[in-house]
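Work through the exercises below with the sequence and the coordinates open. Each task is followed by a solution in steps.

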Amino acid sequence: MKEELFVSGRNIPNIDPYLNIWHWQIPLYLFLGGLAAGILFFAGYYVVRGKADKMVATVKIAPIIAPLVLVIGLGALFWDLKHKLFFWQLYTTVRLDSPMSWGAWTLMAITPLSFIWVASYMKELVPGWDWKLELINKAEAWVIKQRVAIAWVMMILAIILGVYTGILLSAFNARPLWNTSILGPLFLVSGFSTGLASIIWISKDEKERKKLSRIDLIFIIIEIFLIVHLFMGFRAGSETAIEAANLFLGGHFTVSFWVFVVLIGLIFPALFETLEIWGMHVPKWLPPVMILFGGFMFRFIMVEAGQITRYLY
């Protein structure tokens, strides 16, 4: 028998059969970024509406979480970087056509702004709080006077941050699962929903929780609508798009996506929030925990599954 040796570029480690370079750090970063965006948006929203005193947890308490999760998310992103000493080069240029550039500059702006927002409420939250330095006290007084304007800026940055977490993936045209314009709005809505869930969990005011639960129900419905249309678009697309959809429609990620994300993360929380609005007793921690779990699993699955899909078969 005559033997022949075939040499090709296939089956290269980390390249083929699929590129799996992004691990848990990226979905964690995307999740925490969307969570912070949701918290900061609604904190600013109710200040602009003039309802800060009625929405104490939303405006004053929950935003304490935002700078913490942003720092943790940036830490996870930094951990994932291959050449860590060169991260600063993202801030030497502005590229309007680059999602990475948008994300880097948005995070550069919203992270210190979240610290400033929390600091401006410290005297209200902690009796006897004193900054000790006159310069800081004067800066705090100026921030308080400009709080509505700052709230507008924070809301705009929060929307950009929430959309960016999805556009970051959709900009990778070589991955059919990510190559869709629905990911930006879908990640934004999901991030706002997780932000609301965190506030609902923290709040001790029943009226505030019910008001936020009604808003969250709307976001859950929109999220389900976008997920359905995401797969409708894939099924009506090219063969590679259909293959990407099939990962969730009978393929490797079917159970994890439809159980952990859709059922536990969306449908059950919506049902429990509806029952709570109707006056039935539901443990207040249950819907928020399920939404947060579903939000994280959604990003983890999308990042993992997206790296499997490809145009070359």
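## Exercise 1: Salt bridges

At 47% relative accessibility, Glu 206 counts as partly exposed. The model is a predicted one.

Task: Find the salt-bridge partner of Glu 206 and give the closest N to O separation.

Solution.
- Step 1. Glu 206 pairs with Lys 210, and their closest N and O atoms are 3.4 Å apart.
- Step 2. This satisfies the cut-off, which asks for a Lys or Arg side-chain nitrogen within 4 Å of an Asp or Glu carboxyl oxygen.
- Step 3. Both residues belong to helix α9 (residues 206–235), where a spacing of four residues makes about one turn of the helix.
- Step 4. The structure contains four salt bridges.

## Exercise 2: A network

Task: Determine which residues are linked with Lys 60 in a network of salt bridges, and state whether Lys 60 is buried or exposed.

Solution.
- Step 1. One salt bridge of Lys 60 is with Asp 53, at 3.8 Å from N to O.
- Step 2. Another is with Glu 124, where the closest N and O atoms are 2.7 Å apart.
- Step 3. Lys 60 is in helix α2 and Glu 124 in helix α5, so this pair ties together parts that lie 64 residues apart in sequence.
- Step 4. Asp 53, Lys 60 and Glu 124 are therefore read as one network of salt bridges.
- Step 5. Lys 60 counts as buried, because its relative accessibility is 10% and the limit for buried is under 20%.
- Step 6. Asp 53 is exposed at 66%, while Glu 124, at 46%, counts as partly exposed.

## Exercise 3: Surface patches

Task: List the residues of the positive surface patch and place Lys 54 among the helices.

Solution.
- Step 1. The positive patch consists of Arg 49, Lys 54, Lys 207, Lys 211 and Arg 214.
- Step 2. Lys 54 sits in the loop that runs between α1 (25–48) and α2 (56–61).
- Step 3. With a relative accessible area of 63%, Lys 54 is exposed.

Task: Which helix gives the most to the nonpolar patch?

Solution.
- Step 1. The nonpolar patch covers about 620 Å² and is made by Val 255, Val 259, Phe 260, Leu 263, Ile 267, Phe 268, Leu 271 and Phe 293.
- Step 2. Helix α11 (residues 254–277) gives the most, with seven residues.
- Step 3. Phe 260 lies in this helix, α11.
- Step 4. Phe 260 has 31% relative accessibility and counts as partly exposed; patch residues need over 30%.

## Exercise 4: Backbone of a loop residue

Task: What is the sign of phi at Lys 132, and where is Lys 132 placed?

Solution.
- Step 1. Phi of Lys 132 is positive, about 75°, although the residue is not a glycine.
- Step 2. Lys 132 is in the loop between α5 (122–125) and α6 (134–145).
- Step 3. Its side is open to solvent in the accessibility sense: Lys 132 is exposed, with a relative accessible area of 69%.

## Exercise 5: Sequence and space

Task: For Ile 224, Phe 31 and Leu 230, give the helix of each residue and a C-alpha separation.

Solution.
- Step 1. Ile 224 is in helix α9 and is partly exposed at 29%.
- Step 2. From Ile 224 to Leu 186 there are 38 residues in sequence and 9.1 Å in space, C-alpha to C-alpha.
- Step 3. Phe 31 is in helix α1 and is buried, at 10% relative accessible area.
- Step 4. Phe 31 and Ile 242 are 211 residues apart along the chain, and their C-alpha atoms are separated by 26 Å.
- Step 5. Leu 230 is in helix α9 and is buried, at 3%.
- Step 6. Leu 230 and Phe 253 are 23 residues apart along the chain, with 15 Å between their C-alpha atoms.

## Exercise 6: Confidence

Task: Which helix has the lowest mean pLDDT among the elements, and which the highest?

Solution.
- Step 1. The mean pLDDT of the protein is 88, and 93% of the residues reach 70 or more.
- Step 2. Helix α10 (residues 239–246) has the lowest mean, 88, and helix α8 (residues 183–202) the highest, 95.
- Step 3. Where pLDDT is low, predicted coordinates should not be read in detail.

Key. Residues numbered from 1 in each chain as written. Predicted model: local features only at pLDDT ≥ 70, side-chain atom pairs only at ≥ 80, totals over all residues. Heavy atoms only, no water. Patch = residues over 30% accessible without salt bridge, like charges linked within 9 Å, V, L, I, M, F, W, Y side chains within 5 Å. Areas by Shrake-Rupley, 256 points an atom, 1.4 Å probe, with all protein chains shown as cover. Lys, Arg positive; Asp, Glu negative; His and termini not counted. Charge placed at Lys NZ, Arg CZ, Asp CG, Glu CD. Helix = DSSP H or I, 4+ residues; strand = E, 2+ residues; numbered from the N terminus. Buried < 20%, exposed > 50% of the residue type's maximum accessible area, 1.4 Å probe, protein only. pLDDT = per-residue confidence, 0-100.
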